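Subject: Structure for you to look at

Hello,

Here is the structure I promised to pass on. Please open it first, then read the notes below.

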Amino acid sequence: MREEDLIQRLNKIERPEIELPAQRQKLRRVLLRQYDRPPSFGLAWPVLPVALALAVFLVWVFQPSVFPRTDVALAKEIALQDARVRSLIDRGAIIKETELADNKGYLLVQLAESRPAAAEGSVFFSIREQGSPSSLGPTPAVFLVEVDFRGKKVSDLKEVPNPLSSFSPAEEEVIKAISQQSDVVKKEVPFEAEIKEIQPIHSQLKLVKKGSRVEVKPEKEAVIIYKQDNKEWQGKINLGSSRVEKIEFLGEGDQ
């Protein structure tokens, strides 16, 4: 057979494809790495967080109703623009507390004390001189003001009742325990003195945040009278902080 005929026959033969398993697996890994990347982003991918932050900032600036500003200063500013709140302030009311919750502001506004002025140097009223604490005059009116940041207005204003409640036997035991453990009492009141009387006084109201709500809760306080022979001392106890705030010597009592 001539050489030319052999070359022609060899050219007509179909050659089988030869592929090693290792090469196939390597090719698969390369393709997976290549097409697993986010398409069409390229070098712009790290810029996306910056662009998103800029978009949020622009919405916040030009659409304040979407992300309303909420802070204590703004709550007071909006409240003081309300005629009802201004009327209370003109009557001597003060803003005692401010709290924020669920895109709203809450202000606790209290009118000035309506009780007669105490004697100079006296921290609180004497039961012996003034009678029962419930007769010391009406409780100062307290109002809860609700500010709507979205509408930029006072959405609600209501007076909060502050009744003078009596103590339960369990609360009286707590008061006695606070008194016994107080360093102030040990320093100012003789060990032999006995507790003559325990009376509630007007509770201080405070704002308490619970989740997305704000409630007004009383902070109970008590007046406690100690007596030894014909001498008496008076103490003021805060049940919320579990401490005796002050002791005052009342002088000679009734025989």
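How many helices and strands make up the secondary structure of the protein chain? The count is eight helices and eight strands. Please keep in mind that this is a predicted model.

**The chain as a whole**

The protein chain has 255 residues, and 29% of them are buried. Its accessible surface comes to about 17,700 Å². Carbon and sulfur atoms hold 54% of that surface. I also looked at contacts between residues at least 6 apart in sequence. Of these, 56% join residues at least 24 apart.

**Helix α4**

Start with α4, which spans residues 72-79. Just at its start, Asp 71 makes a contact with the backbone: one of its side-chain oxygens comes to within 3.2 Å of the backbone nitrogen of Ala 73.

Which residues of α4 are buried? They are Leu 74, Ala 75, Ile 78 and Ala 79. Looking down the helix axis, these buried residues fall within an arc of 135 degrees, so they line one face of α4. The general rule helps here. An α-helix has 3.6 residues a turn, so residues three or four places apart point the same way.

What covers that face? The cover of the buried residues includes the helix α5 (83-90). It also includes the strands β1 (94-101), β2 (104-110), β3 (142-148) and β4 (153-160).

**The nonpolar cores**

The largest nonpolar core has 17 residues. Those with the most contacts inside this core are Ala 79, Leu 88, Leu 107, Val 145 and Val 147. Five elements are worth finding on screen: α4, α5, β2, β3 and β4 each give two or more residues to the core. The largest share is that of α4, with four residues.

Ala 79 is a good residue to click on. Leave aside its neighbours within four places in sequence, and Ala 79 is in contact with Val 85, Leu 107, Val 145, Val 147 and Val 154.

Another core lies apart from this one. That other core has 15 residues, including Val 189, Ala 193, Ala 222 and Tyr 226.

**Salt bridges**

How many salt bridges does the structure hold? There are ten. Here are some of them.

Lys 196 and Glu 232 meet through their side chains, at 2.8 Å from N to O. This pair links distant parts of the chain, with their positions 36 residues apart in the numbering. Lys 196 sits in strand β5 (residues 194-210), and Glu 232 sits in strand β7 (residues 231-238). Is each partner buried or partly exposed? Lys 196 has a relative accessible area of 46%, so it is partly exposed. Glu 232 has 1% relative accessibility, which is under the 20% cut-off, so it counts as buried.

Next, look at Glu 215. Its side chain forms a salt bridge with Arg 213 at 2.6 Å, N to O. Glu 215 also pairs with Lys 217, at 3.4 Å, N to O. Glu 215 counts as buried, at 19% relative accessibility. Arg 213 is partly exposed, with a relative accessible area of 46%. Lys 217 is partly exposed too, at 33%. Through shared partners, salt bridges join Lys 210, Arg 213, Glu 215 and Lys 217 into one network.

Best wishes

Technical notes: Residues are numbered from 1 along each chain as its sequence is written. This is a predicted model: local features need pLDDT of at least 70, side-chain atom pairs count only at pLDDT 80 or more; totals for chains, interfaces and linings use all residues. Side-chain values use heavy atoms; hydrogens and water are left out. Buried means under 20% relative accessible area, exposed over 50%, partly exposed in between (1.4 Å probe, protein chains only). The arc is that of the directions from the helix axis to the C-beta atoms. Contact means heavy atoms within 4.5 Å. A polar contact is a pair of N or O atoms within 3.5 Å; within protein, one must be able to donate a hydrogen and the other to accept it, and residues adjacent in sequence count only if both atoms are side-chain atoms. Accessible areas come from the Shrake-Rupley method with a 1.4 Å probe; for residues, only the protein chains shown count as cover. A salt bridge is a side-chain nitrogen of Lys or Arg within 4 Å of a carboxyl oxygen of Asp or Glu. A nonpolar core is a set of buried Ala, Val, Leu, Ile, Met, Phe, Trp, Tyr and Cys residues joined through side-chain atoms within 4.5 Å.
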